[in-house]
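Q: I'd like to learn how to read a sheet in a protein model. Could you walk me through one?

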Amino acid sequence: MSPAELVLKQFPNRVSLTVTEAGVALGYSRQSTYNMKSAGTFPVQISKVGRRDVVHLHDIINYLETGLPAHKKRSGRPTREESLRRAGLI
């Protein structure tokens with residue numbers, strides 16, 4: 001079974017999961033999940049819906065299949081390196 005099938009079987013008819021459920025789907029303990037969320041190192045993007053933090057199911061599936069974290073857009077001004085790379089100078 002592929003990771004997508006396992007996650008969809010574990011959480012049927014769901015579009016998003018709570019942070020705790022997402023941690024379980026990725027194989028982390030509850031406390032490790034909260035520690036990574038607090039440190040900003042959780043491998044999948046966390047969104048706010050009302051007062052709840054949720055993770056979209058398709059982001060979890062993409063992470064499990066590719067092993068690459070979802071792209072998290074940094075807020076604020078780009079660094080000098082990012083600006084030079086975007087301009088094609090690096």
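A: Sure. Start with pairing: two strands count as paired if DSSP finds at least two bridges between them. Keep in mind that this model is predicted.

Q: Which residue in β3 does Val49 stand opposite?
A: Val49 stands opposite Arg52 in β3. The strands β2 and β3 are linked by three bridges and pair in the antiparallel sense.

Q: What sits in the hairpin of β2 and β3?
A: There are two residues between the strands, and Gly50 in this hairpin takes a positive phi near 65°.

Q: In what order do the three strands of the open sheet come?
A: The order is β1-β3-β2, with antiparallel pairing. Pairing on one side only makes β1 (16–18) and β2 (47–49) the edge strands. On average, neighbouring strands here are turned by 50° against each other, direction ignored.

Q: How many bridges join β1 and β3?
A: Three bridges, again in the antiparallel sense, with β3 covering residues 52–56. Leu17 has Val55 as its bridge partner in β3, and Ser16 stands opposite His56.

Q: Which helix packs on the sheet?
A: That's α2 (residues 19–26), which touches β1 and β3. The direction of α2 makes about 100° with that of β1.

Q: Let's try a single residue. Is Asp59 buried or exposed?
A: To judge that, look at relative accessible area: under 20% means buried. Asp59 is buried because its value is 14%. Asp59 lies in helix α4 (residues 57–66). Leaving aside neighbours within four places in sequence, Asp59 is in contact with Val44 and Gln45.

Methods:
Residues are numbered from 1 along each chain as its sequence is written. This is a predicted model: local features need pLDDT of at least 70, side-chain atom pairs count only at pLDDT 80 or more; totals for chains, interfaces and linings use all residues. Side-chain values use heavy atoms; hydrogens and water are left out. Helices (H or I, at least four residues) and strands (E, at least two) are DSSP runs, numbered from the N terminus. Buried means under 20% relative accessible area, exposed over 50%, partly exposed in between (1.4 Å probe, protein chains only). Contact means heavy atoms within 4.5 Å. Axes are lines fitted to C-alpha atoms, for helices over the stretch in contact, and angles run from 0 to 180 degrees between N-to-C directions.
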